[in-house]
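Please open the model in your viewer and keep the selection panel at hand. The stops below say what to select next and what is there.

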Amino acid sequence: MSSTDLLIVILENMGKNIIENKDYLTELDRVIGDADHGINMSKGFSAVNDKLGEMKGKDWGYILKNTAMTLISTVGGASGPLYGTAFLRAATVVDGKMDIDHEDVVNMFEQAIEGIKARGKSDRGDKTMLDALIPAFDALKAAYQNGLESKKAFQMAEDAALEGLEYTKTIIAKKGRASYLGERSIGHQDPGATSTYIAIRSIKETLEE
Ligand code: ADP
Ligand code: MG
Ligand code: MG
């Protein structure tokens, strides 16, 4: 399988898992938000899915940019522009590339995080998607530095994302709708951190196949 074919399968699997977890994500958002996160994300990823057929043979940057634009134009709510920005920033790292290496993977995640931080004016500890994504990135980077292969590196990223997700239950939301609840947001898991965890898990699952 070429590496761009692998990217297409990863995105397909991400979409499948997000859509399977539509109700779960929406229920999480019902508690500390407006009960639409699963609906928003499923809409976005089914639109992405519809376009993946046309993506075959295109480069990494093209596929990721197209995914970003589709998410931005179809996902309602705060998460659309944030995920869109993440994919768009990642795309710039691999513009024109048919193959990528570990350094590209690390740079893609780093740029995605920087994009979300800039767009969301948010950081780790605000009870958002970044609380899953940043620990996952740190684990991924460390794993590659220790000479591990992608399969193992993404396993470690998934574990770290899950830990970050659990951590969101213990903190006050400082960004997004959940922040309106203040202290009452404690005890509840962040929906966006959950969809990010699912996305990372989807990458790991695809690499295992
Ligand atoms: P909305 O809140 O507009 O209904 P969603 O429900 O789709 O949008 O997404 C909510 C999720 O978006 C939150 O759980 C959180 O993870 C993420 N989020 C919201 N605001 C920010 C922000 N400023 N920075 C990072 N992530 C954010
Ligand atoms: Mg919502
Ligand atoms: Mg909403």
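Is M14 buried or exposed? Select M14 and show the C-beta atoms around it: M14 is buried, because 24 other C-beta atoms lie within 10 Å, where buried stands for 20 or more such neighbours within 10 Å, exposed for 12 or fewer and partly exposed for what lies in between, with C-beta atoms placed from the backbone.

Before going further, note that this is a predicted model, in which local features need pLDDT of at least 70 and side-chain atom pairs count only at pLDDT 80 or more, whereas totals for chains, interfaces and linings use all residues. Residues are numbered from 1 along each chain as its sequence is written, while chains are lettered from A and ligands numbered from 1 in the order in which they are written.

**Helix α1 and its partners**

M14 sits in helix α1, a name that follows DSSP runs numbered from the N terminus (helices are H or I over at least four residues, strands E over at least two). Add E205 to the selection: M14 and E205 are 191 residues apart in sequence, but 9.5 Å apart in space from C-alpha to C-alpha.

Next pick V9, which belongs to the same helix, α1, spanning residues 3-20. V9 counts as partly exposed because it has 15 C-beta neighbours inside 10 Å. A distance drawn from the C-alpha atom of V9 to that of A173, 164 residues away along the chain, gives 34 Å.

Now show α1 together with α3, whose axes come within 9 Å and cross at roughly 150°; axes here are lines fitted to C-alpha atoms, for helices over the stretch in contact, and angles run from 0 to 180 degrees between N-to-C directions. The two helices α1 and α3 are therefore roughly antiparallel, given that angles over 145 degrees count as roughly antiparallel, under 35 as roughly parallel, 65 to 115 as roughly perpendicular and the rest as oblique. The crossing of α1 past α3 is left-handed, a term used if the near helix is turned anticlockwise from the far one by less than a right angle, with right-handed used if it is turned clockwise.

Replace α3 with helix α4, residues 60-74, and the axes of α1 and α4 come within 10 Å and cross at roughly 20°. This pair, α1 and α4, is therefore roughly parallel, and the crossing of α1 and α4 is right-handed.

**Helices α8 and α9**

Which way do α8 and α9 run relative to each other? Select α8, residues 150-168, with α9: the axes come within 9 Å and cross at roughly 160°, and α8 and α9 are therefore roughly antiparallel. Here α8 passes α9 in a left-handed crossing.

**Around ligand 1**

Centre the view on ligand 1 and select the 24 residues around it, of which G77, G120, T128, G176 and G192 come nearest; a residue is near a molecule if its C-beta atom, placed from the backbone, lies within 6 Å of it. Elements giving two or more residues to this shell are α3 (37-52), α5 (79-93), α6 (102-120) and α9 (191-208). The largest share, 3 residues, comes from α9. Coloured by class, the shell shows 7 nonpolar, 10 polar and 7 charged residues, with Ala, Val, Leu, Ile, Met, Phe, Trp, Tyr, Cys and Pro taken as nonpolar, Asp, Glu, Lys and Arg as charged, and the others, Gly among them, as polar.

**Two loops and a proline**

Move to K121, in the loop between α6 and α7 (130-145), where K121 has a positive phi of about 50° although it is not a glycine. K121 counts as exposed because it has 10 C-beta neighbours inside 10 Å.

A35, in the loop between α2 (22-32) and α3, also deserves a selection, as its phi is near 55°, a positive value in a residue other than glycine. A35 counts as partly exposed, with 15 C-beta neighbours inside 10 Å.

Finally, select P135 in helix α7, which counts as buried with 22 C-beta neighbours inside 10 Å. The C-alpha atoms of P135 and R124, 11 residues apart along the chain, are separated by 8.8 Å.
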